[in-house]
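User: Could you take a close look at one loop residue with an unusual backbone angle, and then walk me outward from there? Please keep it informal and tie the pieces together.

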Amino acid sequence: MPEGDTVWLAARRLDAALAGRELTRFDLRVPQHATADLTGVAVTAVVARGKHLLTRFAGGLTLHTHFRMDGSWHLGRPGARWRGGPAYHVRAVLANTDWEAVGYRLHEVRLIPTGEEDLLVGHLGPDVLGPDWDPQEVARRMAADPAREIGDALLDQRVLAGVGNLYKNETLFLTGLSPWTPVADVPDLPAVIATAHRLMRANRDHPEQSTTGSLRRGETHWVFERQHRPCQRCGTRIEVGEQGPADRAEYARVTYWCPRCQPGPTG
Ligand SMILES: [Zn+2]
């Protein structure tokens, strides 16, 4: 699932392949930018900002994309067969003489002036994997809404950028908190923030997402997507429920917890 660590790794790989090189191919397959052509223009950098990906070009333009649930970028040699899915899922192709980057199922594909990036990402809180990471500022933003449930606050990209449902659920398991605990009742907010950071930092350099240290199937997470299975710590059945505003995408509302390791309110 694309969370901040997935986007971070994609940005690093794309930056290594594309930055400092002129494009030999530029193809955006979205109606509003179908005629845009930056062939011959150099990519200056590819950076992650929370779950957003920003590809910057010489001359002052930025390509903004978002993975949401299912987006991905695939890197290959020019002319090699594309392997990320059917061609009608392709939203962007950026290539130079050595590399071809193909973006599948991307959302919010927009070409904007680089100086206007903040209009799209300026609302984000400190980026968990970014150079601006600032846990004190995150704690301050969380504490500003003390009645809010901690599971809800962790997913709010305006509070901290990059955490998705996987790291939310795993962070709360590891800190022993029911997801419905009001922020004001969390005994150690800095520990919660530090745990989310540690988990994402540990997973940013590789595509596998393990929060347990195990890469064995079914053991990579403590509670995430382990509903009705025994807790790996205490054996209690993992519960699943919904949390958060009704307008949030359904997948982000799904919450997993161990009722014994994470005592407290349950809705
Ligand atoms: Zn347990």
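**A loop residue and its surroundings**

Analyst: R68 has a relative accessibility of 39%, so it counts as partly exposed; the band for that label runs from 20% to 50%. Keep in mind that this is a predicted model. The backbone is what makes R68 worth a look: its phi is near 45°, a positive value in a residue that isn't glycine. You'll find R68 in the loop that links β4 (61-66) to β5 (72-76).

Let's go back from that loop into the strands. β4 pairs with β3 in the antiparallel sense, over 6 bridges. The two make a hairpin with 3 residues between them, and G59 in that turn has a positive phi of about 95°. R56 of β3 is a handy landmark, since T62 in β4 stands opposite it. R56 is also the bridge partner of A45, which takes us to the next strand along. β2 (residues 43-49) runs antiparallel to β3, and 6 bridges join them. Here too there's a hairpin, with 2 residues between the strands and a positive phi of about 60° at G50 in the turn. As for β3 itself (residues 52-57), 5 of its 6 residues are buried, so the strand is largely enclosed by the rest of the structure.

Now go forward from the loop instead, into β5. This strand and α1 (4-18) are the elements that give two or more residues to the lining of the second largest pocket. That pocket holds about 280 Å³ of space. Its lining has 16 residues, and those nearest the centre are T6, L9, A10, R13 and W73. α1 gives the most, with 6 residues. By type, the lining splits into 7 nonpolar, 7 polar and 2 charged residues.

For comparison with R68, try E225. Its phi is near 60°, again a positive value in a residue other than glycine. E225 sits in the loop between α6 (189-203) and β9 (239-242), and with a relative accessible area of 48% it is partly exposed.

One more positive phi turns up elsewhere: G176, just after α5, has one of about 70°. The helix before it (residues 165-174) has 9 of its 10 residues buried, so α5 is largely enclosed by the rest of the structure. Its buried residues include K168 and E170 as well as L166, Y167, L172 and F173.

How values were computed: Residues numbered from 1 in each chain as written. Predicted model: local features only at pLDDT ≥ 70, side-chain atom pairs only at ≥ 80, totals over all residues. Heavy atoms only, no water. Buried < 20%, exposed > 50% of the residue type's maximum accessible area, 1.4 Å probe, protein only. Helix = DSSP H or I, 4+ residues; strand = E, 2+ residues; numbered from the N terminus. 1 Å grid on protein atoms, 1.4 Å probe; cavity = no way out; pocket = protein on both sides within 12 Å on 5 of 7 lines; lining within 4 Å. Points joined across faces, edges and corners; volume = space filled by probe spheres on them. Nonpolar A, V, L, I, M, F, W, Y, C, P; charged D, E, K, R; others polar. Pairing = 2+ DSSP bridges.
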